[in-house]
Amino acid sequence: MIEGLPLPAVFAVFAVAALVVAGGGVRMTALADRLADRTGLGEALMGGLLLGMSTSLSGTVVSVTSAVDGHASLAFANGVGGIAAQTAFLAIADLTYRRANLEHASADAASLFQAALLVLMMSVPLIAFVTPEVTLLGLHPASVVLVGVYIAGVQTMRRVRETPMWRPTLTRETRHDVPEEETGRRRSGLALGLEFAALAAALGLAGWAIAQSGQRISDALGISETAVGALMTAVVTSLPELVTTLAAVRRGAAQLALGGIIGGNCFDMLFLSLSDAGFRQGSLYHAVGPNDLFWLCVGLTMTAVLLIGLIVRERRGIGGIGFESAWILAIYAGAVALQGAMG
């Protein structure tokens, strides 16, 4: 359908889909916060699971659609590029959180565990790339490993949440996850869940439109699929994370903001498993090039810096943000500049 449209119309489709993706995120944050209180799962766990997975739906559709169409670099770069962009969004949120360094205020064992889990998951594709190409029914073993690690991680994270073996030192700036009292008419949990599901479906449809228009833009303008995936589709499909993170920070839900980003990044790694299943020309990990792995390494570096920041818990850095946020923004800016030089 999009293939027959003129280029200006393709850009219009891309822009409208981006607005749908961004707009749905604001409402989803409020719903996730209320569901966290209703279920007793807490902001960090709810942000990492429900909110992180749902806001990633549009990106999932982009990667899988691109892989099915044979665009391996676009599928791969969209997934790993989104992780880098979303981590940078967390640093931007830190700039808006004036009470203290966001990583200090949102101290939680579950968030720390999620960050370590993400580092582990991001290492799997690198190992797959440097090892011989092996597929079973068209699927590389690394794709199965990623799913297994994620499932085991989710189960362990809940145990960390319920029975933590350590707790952070509490300070005046530490944000406690305390259920809020609801005002106005109280809606049922089912009604909240159905509205959340409807918004998630809208994000998935918008993701399909972004994937199709992104492929057209890449072909028409001669821009590499890696650049389009890492800097266009990845950033646009990551807009829900930016919107929901800023909205969560504004609501004072620091743990929800942090958990939504890190948890969403962990779920984004499953883009690669799904894309590998949809890519029928062999292993997705061996169909990509060094430029695509560049963004995986960037995301891995940014996550490592974030993990260090979560452990150090600097109260206030330069301009109210921690050293980790400053370094994350610098790394991302440098990566964008390098991508421009590489084409």
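**Notes on an all-helical predicted model**

1. A good place to start is burial: 56% of the chain's 343 residues count as buried. Please keep in mind that this is a predicted model. The accessible surface comes to about 13800 Å², and carbon and sulfur atoms account for 68% of that area.

2. The secondary structure is quick to describe, with 14 helices and 0 strands. As for how the chain is tied together, 86% of the contacts between residues at least 6 apart in sequence join residues at least 24 apart.

3. The largest nonpolar core is worth a look on your screen, with its 63 residues. Phe 76, Met 121, Leu 146, Met 269 and Trp 295 have the most contacts inside this core. At least two of its residues come from each of several helices, including H6 (109-130), H7 (141-162), H11 (254-268) and H14 (323-342). Helix H4 gives the largest share, 13 residues.

4. A second core, separate from the largest one, has 18 residues, among them Phe 14, Ala 18, Leu 192 and Ala 211.

5. You may like to centre the view on Leu 146. Leaving aside residues up to four places away in sequence, Leu 146 touches Met 121, Val 124, Met 269, Leu 270, Leu 272, Ser 273 and Tyr 285. Of these partners, Met 121 and Met 269 are also listed with Leu 146 among the residues with the most contacts inside the largest core.

6. Finally, helix H13 spans residues 290-312, and its 23 residues reach 33 Å from first to last C-alpha, close to the 33 Å expected. Just after H13, Arg 313 adopts a positive phi of about 55°.

Technical notes: Residues numbered from 1 in each chain as written. Predicted model: local features only at pLDDT ≥ 70, side-chain atom pairs only at ≥ 80, totals over all residues. Heavy atoms only, no water. Helix = DSSP H or I, 4+ residues; strand = E, 2+ residues; numbered from the N terminus. Buried < 20%, exposed > 50% of the residue type's maximum accessible area, 1.4 Å probe, protein only. Contact = heavy atoms within 4.5 Å. Areas by Shrake-Rupley, 256 points an atom, 1.4 Å probe, with all protein chains shown as cover. Expected span 1.5 Å × (residues − 1). Core = buried A, V, L, I, M, F, W, Y, C linked by side-chain atoms within 4.5 Å.
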